[in-house]
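Subject: Structure for you to look at

Hello,

Here is the structure I said I would pass on. Please open it beside this email and follow along.

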Amino acid sequence: MFKPVIGLEIHAELKSKSKMFCQCSADYFGKKQNSNTCPVCLGLPGALPVPNKKAVEWAQLIGKALNCRLNRNSKFDRKHYFYPDLPKGYQISQYDEPLCSQGYVEINQKKFRIHRVHLEEDTGKLIHSGVDTLVDFNRSGVPLVEIVTEPDFDNAEDVKRFLEELHTIIRYLGVSDADMEKGSMRMEPNISLRAIENGEEKRQQFELPAYKVEVKNINSFRFVKQAIEYEIERQKEILERKETPAQETRGFDEKKQITYSQRSKEEAHDYRYFPEPDIPPMTFSREYPDSIKVPELPAQKMKRYMAEWKIKEQDALVLTRDINTADFFEMVISKCKVPSSKQIPNPNQSIANLIINKKIATTMPVEEFAAKAMELLQPKKTDEKALYILINQLIKTNPKVAEDYKKGKTNAVMFLVGQVMREMKGQADAKIVREQLENELKKR
Amino acid sequence: MKKSKLNKEEILHLAKLSNLTLTNDEIEKYRKQLEETVEYVENLNELDTRKVEPTSQTTNLTDVFFKDGVENKRGLSQNEAMKNAKNKKNDYFVVKRIM
């Protein structure tokens, strides 16, 4: 028996105006190749990097939202490796003094620990074409936040939920587009399997397996799940043959839904980290973390909708997945004055339904939406006399339905309810219509 | 003073990390030069640093930042950025295909 041990690395590009260590625009998307650079982000000799204050604050905001400790002292380090997307031959990153450490995210009463949140610079973009690899440095130096979890996951579904929650949190904070198609959020799971004997984990359960496999370049939550599920099966097969899977980096093939070895990156990593001598260290006062204000997060919002407005759990979840939907919902609630009644026991839930079922287009201004919602949620006045006549008429013209109903097919009544509602142009309460219909049908 | 010795394997490892191809003569040449450099730095071991706080910088500055905002004064045009590149194609820098 084997138990998966999975940890995650997530990168998110910050949407600051300028890059991490120079004042080139951080908005590189769609620009002419190599038209958005300067001596710093092109790694020219003698250029001096200076950190962007906003990027530091935003990395700390992410850390605080993930319940991390914001460290009083932090610094940048050089991480050396040779790759054409890296003009300096090193990446400015953080090694032993990250901005934030030791947080957690709670999902469905399960806590997943965050190891660290640190800041670094993005690399250039490579295009492989024929015998060439082409390099565009427009993205070089864009602020990149790296979030590293502890290896706390043991299944692909939890990973998917965690990543979706993290994505929503980052979007709530407004610090990154976290757009996976554009590559502004990237996810890399590390996967290995631990042997379990007789259903019990071995005594060394706190030790990690002797290898780990990292899967890179995955750009959707669904693909992360597929890649992990594939890796678990692949590694299980190797371990069952009493062999150890190779420690390596693998890519994910979306079409075949398999992972494959990326030989080019297999070389032994020896990053030779050392403190970036060009950037003085950062210090933060004891009070400083209080000045970083975390807005209401999706999980809190969801709880509030359920407690304050008695919204159903599933609906509260749907409403809070996107900050724009949540904002829209809250504004409509504040503008709608619908009294609760027998027919509409919880107007807030009814408004939630209108938004979720898209009964009214949510693209219209809040005021217009609220007005329409109030109209729709008006308690329906039922013209009892007209209803009585109509019901009897319909039962007469649909003898088959009446017969079915008598035979015990009580659902047959719904057809007539629909007919009545149509004839009365919605100016009747469906509950009353059904009651009346059943009364009349039983008389026959 | 302990004499540091760098072996051929260490030089080859460093060459690989720097993506350099060295001839046998060069391996020996750089082995000697690097050895001298390391020996020179080892002079620092003669200092008593027991009471000195470790540091990674010498300026005594802390918290140097810039305020977020685009400033094009030091920006390079596409032409300027590409000017000194040995291999280029359609305004891309070009290296031998790596994947």
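Below are my notes on the domains, a pocket, the cores and a few single residues.

Please keep in mind that this is a predicted model.

Domains

Chain A is split into three parts: domain 1 (2-291), domain 2 (298-376) and domain 3 (384-443). Between the C-alpha centres of domain 2 of chain A and domain 3 of chain A there are 32 Å.

The second largest pocket

This pocket holds about 890 Å³ of space. Its lining takes at least three residues from each of domain 1 (2-291) and domain 2 (298-376) of chain A. In total 27 residues line the second largest pocket, and those nearest its centre are Glu106(A), Ile107(A), Asn108(A), Glu165(A) and Ala299(A). Sorted by class, the lining has 12 nonpolar, 9 charged and 6 polar residues.

Four elements of chain A each supply at least two lining residues: β6 (100-107), α2 (156-173), α4 (298-309) and α5 (313-320). Of the elements, α2(A) gives the most to the lining, with 7 residues.

The nonpolar cores

The largest nonpolar core has 69 residues. The members that touch the most others are Ile62(A), Leu66(A), Val117(A), Leu119(A), Ile147(A), Phe162(A) and Leu163(A). Helix α2(A) contributes the largest share of this core, 8 residues. So the helix that gives the most to the pocket lining also gives the largest share of this core, by the definition of helices used here. What does Phe162(A) contact, apart from its neighbours within four places in sequence? The contacts of Phe162(A) are Leu8(A), Ile10(A), Val105(A), Ile107(A), Phe112(A), Ile114(A), Thr149(A) and Phe153(A). One of these, Ile107(A), is also among the residues nearest the centre of the second largest pocket.

There is a second, separate core of 26 residues, which includes Ala316(A), Ile351(A), Ala352(A) and Ala373(A).

Helix α7

Helix α7 covers residues 347-356 of chain A, and 8 of its 10 residues are buried. The buried ones are Pro347(A), Asn348(A), Gln349(A), Ser350(A), Ile351(A), Ala352(A), Leu354(A) and Ile355(A). Two of these names, Ile351(A) and Ala352(A), appear in the second core as well. The buried residues of α7(A) pack against α4, α5, α6 (323-335) and α8 (366-376) of chain A.

Ile228 in helix α3

Ile228(A) sits in helix α3 (residues 221-240) of chain A. Is Ile228(A) buried or exposed? Ile228(A) is buried, because its relative accessible area is 0% and the cut-off for buried is under 20%. Leaving out residues up to four places away in sequence, Ile228(A) touches Ile6(A), Ala156(A), Val159(A), Pro189(A) and Ile191(A). Take Val159(A) as an example: Ile228(A) and Val159(A) are 69 residues apart in sequence, yet their C-alpha atoms are 9.0 Å apart in space.

Two asparagines with positive phi

Most residues other than glycine have a negative phi. Asn34(A) has a phi near 55°, a positive value. Asn34(A) lies in the loop between β1 (2-13) and α1 (53-65) of chain A. With a relative accessible area of 0%, Asn34(A) is buried.

Asn108(A) also has a positive phi, about 45°. Its place is in the loop between β6 and β7 (110-121) of chain A. Unlike Asn34(A), which is buried, Asn108(A) is exposed, with a relative accessible area of 53%. Asn108(A) is the residue met earlier among those nearest the centre of the second largest pocket.

Regards

Key:
Residues are numbered from 1 along each chain as its sequence is written. Chains are lettered from A and ligands numbered from 1 in the order in which they are written. This is a predicted model: local features need pLDDT of at least 70, side-chain atom pairs count only at pLDDT 80 or more; totals for chains, interfaces and linings use all residues. Side-chain values use heavy atoms; hydrogens and water are left out. On a 1 Å grid over the protein atoms alone, a cavity is a set of points where a 1.4 Å probe fits but cannot get out, and a pocket is an open set with protein on both sides within 12 Å along at least five of seven lines; lining residues have an atom within 4 Å of a point. Grid points are joined across faces, edges and corners, and a volume is the space filled by probe spheres set on the points. Ala, Val, Leu, Ile, Met, Phe, Trp, Tyr, Cys and Pro count as nonpolar, Asp, Glu, Lys and Arg as charged, and the others, Gly among them, as polar. Domain bounds come from an automatic or database domain assignment. A nonpolar core is a set of buried Ala, Val, Leu, Ile, Met, Phe, Trp, Tyr and Cys residues joined through side-chain atoms within 4.5 Å. Buried means under 20% relative accessible area, exposed over 50%, partly exposed in between (1.4 Å probe, protein chains only). Contact means heavy atoms within 4.5 Å.
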